[in-house]
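Open the model in your viewer and keep the selection panel at hand. This tour goes from one stop to the next, saying what to select and what to look for.

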Amino acid sequence: MSCCFTSIWLEGNIASGKTTCLEYFSKTSDIEVLTEPVSKWRNVQGCNPLGLMYQDPSRWGLTLQTYVQLTMLDRHVLPMSAPIRMMERSIYSAKYIFVENLYKSGKMPEVDFAVLSEWFEWIIKNIAIPVDLIVYLQTSPQTCYERLKQRCREEEKVIPLEYLESIHNLYEDWLIHHKSFEVPAPVLVIPADHDLKKMLHQYEENREKILMAHC
Ligand SMILES: Nc1ncnc2c1ncn2[C@@H]1O[C@H](COP(=O)(O)OP(=O)(O)O)[C@@H](O)[C@H]1O
Ligand SMILES: O=c1ccn([C@H]2C[C@H](O)[C@@H](COP(=O)(O)O)O2)c(=O)[nH]1
């Protein structure tokens, strides 16, 4: 990343508290916050690829993940409007976590995985996607399961604990154990099973590390 701009990705399991964390940092001047375009994934020209994927992943996984890849890329290439950008997830986690999970669990046909993989490889080879720091909100799958139920997003009512465990394991292999894929920036791990008050305290404690990421 250039010396004037800092790009941070906020990664973590479903309902780990990413949006809540971004809301907190959005109050800081000089920080631009980009949330995941979930509303688009729930409504593209009147269709709901997120809901379809949860109902029938083998049929609709490719459809959703193609659209996720496009909309995340669109976020990554948006010109920055502040010196620091905090962005919820990335085109990398879409591929390394969610596509990988569909494929590994036998719910994405080999041909769909191959097409998505070639698209992804082309994108990261040909389009600059800068990142200075990855902040990983590390939670237990059980915590996410409870928060997910509390949030009560209609499409996600079918998600079992095992799904969150798979996503968790893929995140841990990628960002903690460095066992699966390239990690494109240093990782700051923030334990995130705590209540909101303690989380806000931890965000304050880590503020400098986050904001000075490119220095
Ligand atoms: N530290 C926390 N303790 C308890 N509930 C939380 C905490 N952080 C977030 N939540 C709640 O959990 C749910 C998921 O949080 P959210 O920020 O939307 O997660 P994500 O963006 O990672 O999916 C929301 O209902 C939110 O209010
Ligand atoms: O590549 C992706 C990214 C996200 N999803 C799903 C997972 C959740 O149901 C929603 C949004 O995630 P949050 O963690 O609540 O922000 O989108 C996916 O299927 N594929």
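The stops below cover the annotated domain, then ligand 1, then ligand 2.

**Stop 1: the domain.** Keep in mind that this is a predicted model. Select residues 8–211. An unreviewed UniProt entry places the feature "domain: Deoxynucleoside kinase" on residues 8–211. Colour that range by secondary structure: 56% is helix and 12% is strand. Now pick the C-alpha atoms at the two ends of the range; they are 9 Å apart.

**Stop 2: ligand 1.** Select ligand 1 and show the residues within 4 Å. There are 15 of them. Which come nearest? Lys18, Thr19, Thr20, Arg151 and His194 do.

Next, look at the oxygen atoms of ligand 1. Which backbone atoms should you label? Start with Ala15, where a backbone N or O atom lies 2.9 Å from a ligand 1 oxygen. Go on to Gly17: one of its polar backbone atoms is 3.0 Å from an oxygen of ligand 1. Then turn to a side chain. Lys18 places a side-chain N or O atom 2.7 Å from an oxygen atom of ligand 1.

Switch on a surface. On its own, ligand 1 has 560 Å² of accessible area, and the protein covers 79% of it. The space that ligand 1 takes is the largest pocket. Highlight helix H1 (18–25), helix H7 (141–151) and helix H9 (196–211): these are the elements that give two or more residues to the shell. Colour the shell by residue class and you get 3 nonpolar, 7 polar and 5 charged residues.

**Stop 3: ligand 2.** Move the selection to ligand 2. Its surroundings hold 20 residues, and the closest are Lys18, Glu36, Tyr54, Gln65 and Glu156. Lys18 is thus on the list of nearest residues for ligand 1 and on the list for ligand 2.

Label three side chains here. A side-chain N or O atom of Glu36 is 2.5 Å from an oxygen atom of ligand 2. Tyr54 brings a polar side-chain atom to 2.6 Å from a ligand 2 oxygen. For Gln65, pick a nitrogen of the ligand instead: a polar side-chain atom lies 2.8 Å from it.

How much of ligand 2 does the protein bury? Of the 450 Å² that ligand 2 exposes when taken alone, 99% is buried. Ligand 2 sits in the largest pocket.

Finish with the shell around ligand 2. Helix H2 (38–42), helix H3 (49–55), helix H4 (57–77) and helix H5 (91–104) each supply at least two of its residues. By class, the shell holds 11 nonpolar, 2 polar and 7 charged residues.

Definitions and conventions:
Residues numbered from 1 in each chain as written. Chains lettered and ligands numbered in written order. Predicted model: local features only at pLDDT ≥ 70, side-chain atom pairs only at ≥ 80, totals over all residues. Heavy atoms only, no water. Polar contact = N/O pair within 3.5 Å; in protein donor to acceptor, adjacent residues only side chain to side chain. Areas by Shrake-Rupley, 256 points an atom, 1.4 Å probe, with all protein chains shown as cover. 1 Å grid on protein atoms, 1.4 Å probe; cavity = no way out; pocket = protein on both sides within 12 Å on 5 of 7 lines; lining within 4 Å. Sits in = over half its atoms within 2 Å of the grid points. Helix = DSSP H or I, 4+ residues; strand = E, 2+ residues; numbered from the N terminus. Nonpolar A, V, L, I, M, F, W, Y, C, P; charged D, E, K, R; others polar. UniProt positions renumbered as here; feature names shortened; annotations may be inferred.
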